Amino acid sequence: MTAPILITGAGQRIGLALARACLAQGQPVILTYRTYRPAVDALQKAGAQCLHADFATTEGVNAFINTLRQTTDRLRAIVHNASDWIPERPDTDPTDVMQAMLQVHVMAPYCINLACRDLLEQGDSTTDIIHMTDYVVEKGSAKHIAYSASKAALANLTLSFSRLLAPGIKVNSVAPSLILFNDGDNEEYRKKTLKKSLMAIEPGVDAAVQTLNFLLNNPYITGRTIPLDGGRHLV
């Protein structure tokens, strides 16, 4: 039986699209979700194993790891897609914001990678860890300082884990900018955002799925970040 791919934060957007694509290809999937959405039921009916997990605390991360190890004894890949996006605001404690961002984007992947290494090392085939980082790592953000710093730390984990786990496990990152607008984004915001990249399009989740599949299927890339930004760095 084919080992499953673990996708964290798969209840919406990129994580949801990747889970659907894997299931359509006959690839078993274990996914996590923090907030229930109807898509979770649909994924479960399609064959995914859906685990509730809250990575906001170390206790939550450890509880998830224990549940995962009871669910499977091997993994084909781990895709760290779970994320949060908290801005700095006058009414928030900056210490709390930074701690929250580091917990979800750094501590959770760090602990899961170390604890689940043996699940990825079952069998003779190369397996994968993929971190979803962000284009903002390249330039920082005045409104999301902690978010940007935590995604930069996640990008650095890619380098360290690729060194630690080679050659049996490849470790890479995908750094998207705009992939999919939110329903509430107004026309002015959409036009302004599209002008930030050379391609000037909303590529949709399929662009991210294609990039993730490329990394999963390529045997000779590790320790790299794949930019998925439509040439935004040249604008």
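**Exercise 1. Surface and overall build**

Task: Find how much accessible surface the chain has, and what share of it belongs to carbon and sulfur atoms.

Solution.
- Step 1: The accessible surface of the chain in this predicted model comes to about 12,200 Å².
- Step 2: Carbon and sulfur atoms hold 52% of that surface.
- Step 3: Now turn from the surface to the inside: 48% of the 235 residues count as buried.
- Step 4: Count the elements too. The chain has eight helices and seven strands.
- Step 5: Its radius of gyration is 17 Å, and the globule rule gives 18 Å for 235 residues; the two values are close, so the chain is as compact as a globular protein of that length.
- Step 6: For the outer dimensions, the C-alpha atoms fill a box of roughly 50 × 40 × 40 Å along the principal axes.
- Step 7: Look at the contacts with a separation of 6 or more: residues 24 or more positions apart account for 70% of them.
- Step 8: Finally, the charges. There are 22 positive and 22 negative ones, and their mean positions are 5 Å apart.

**Exercise 2. A helix and its surroundings**

Task: Work out why helix α1 can be called largely enclosed by the rest of the structure.

Solution.
- Step 1: Locate the helix. α1 runs over residues 13-24, which is 12 residues.
- Step 2: Check its span. From first to last C-alpha it reaches 17 Å, close to the 16 Å expected at 1.5 Å a residue.
- Step 3: List the buried residues, meaning those under 20% relative accessible area. They are Ile14, Gly15, Leu16, Ala17, Leu18, Ala19, Ala21, Cys22 and Leu23.
- Step 4: Draw the conclusion. Nine of the 12 residues are buried, so α1 is largely enclosed by the rest of the structure.
- Step 5: Ask what does the covering. Among the elements that cover these buried residues are the strands β1, β2, β4 and β5, together with the helices α2 and α8.
- Step 6: Look just past the end of the helix, where Gly26 follows with a positive phi near 80°.

**Exercise 3. A second helix**

Task: Describe the span of helix α6 and say which elements cover its buried residues.

Solution.
- Step 1: α6 covers residues 145-165, so count 21 residues.
- Step 2: The helix reaches 30 Å from its first C-alpha to its last, close to the 30 Å expected at 1.5 Å a residue.
- Step 3: Its buried residues include Ala146, Tyr147, Lys151, Leu154, Phe161 and Leu165.
- Step 4: The cover over the buried residues of α6 includes α4, α5, β5 and β6.

**Exercise 4. Three residues, three settings**

Task: For His131, Val97 and Ala56, decide whether each is buried, partly exposed or exposed, and find what each one touches.

Solution.
- Step 1: His131 is found in strand β5. With a relative accessible area of 0%, His131 is buried.
- Step 2: Beyond its neighbours within four places in sequence, His131 is in contact with several residues, including His80, Asn113, Leu154 and Val174.
- Step 3: Val97 sits in helix α4 and is buried, at 4% relative accessible area.
- Step 4: Leaving out residues up to four places away in sequence, Val97 touches Ile86, Pro87, Glu88, Thr92 and Ala146.
- Step 5: Ala56 lies in the loop between β3 and α3. Its relative accessible area is 42%, so Ala56 is partly exposed.
- Step 6: With residues up to four places away not counted, Ala56 touches Gln103 and Val104.
- Step 7: For a sense of distance, the C-alpha atoms of Ala56 and Ala17 are separated by 23 Å, while those of Val97 and Gly204 are 29 Å apart.

**Exercise 5. Backbone exceptions**

Task: Find where the peptide bond that is cis lies, and which residues other than glycine have a positive phi.

Solution.
- Step 1: Begin with the usual case. Most residues other than glycine have a negative phi, and most peptide bonds are trans.
- Step 2: The bond from Ala166 to Pro167 is cis, with omega near 0°. Pro167 is in the loop between α6 and β6.
- Step 3: Arg13 has a positive phi of about 50°. Arg13 is found in helix α1 and counts as partly exposed at 33% relative accessibility.
- Step 4: Ala200 has a positive phi too, near 55°. Ala200 is in the loop between α7 and α8, and its relative accessible area of 38% makes it partly exposed.

How values were computed
Residues are numbered from 1 along each chain as its sequence is written. This is a predicted model: local features need pLDDT of at least 70, side-chain atom pairs count only at pLDDT 80 or more; totals for chains, interfaces and linings use all residues. Side-chain values use heavy atoms; hydrogens and water are left out. Helices (H or I, at least four residues) and strands (E, at least two) are DSSP runs, numbered from the N terminus. The expected span of a helix is 1.5 Å times one less than its number of residues. Buried means under 20% relative accessible area, exposed over 50%, partly exposed in between (1.4 Å probe, protein chains only). Contact means heavy atoms within 4.5 Å. The radius of gyration is taken over C-alpha atoms; the globule rule is 2.2 Å times the number of residues to the power 0.38. Accessible areas come from the Shrake-Rupley method with a 1.4 Å probe; for residues, only the protein chains shown count as cover. Lys and Arg count as positive and Asp and Glu as negative; His and the chain ends are not counted. The place of a charge is taken as NZ of Lys, CZ of Arg, CG of Asp or CD of Glu.
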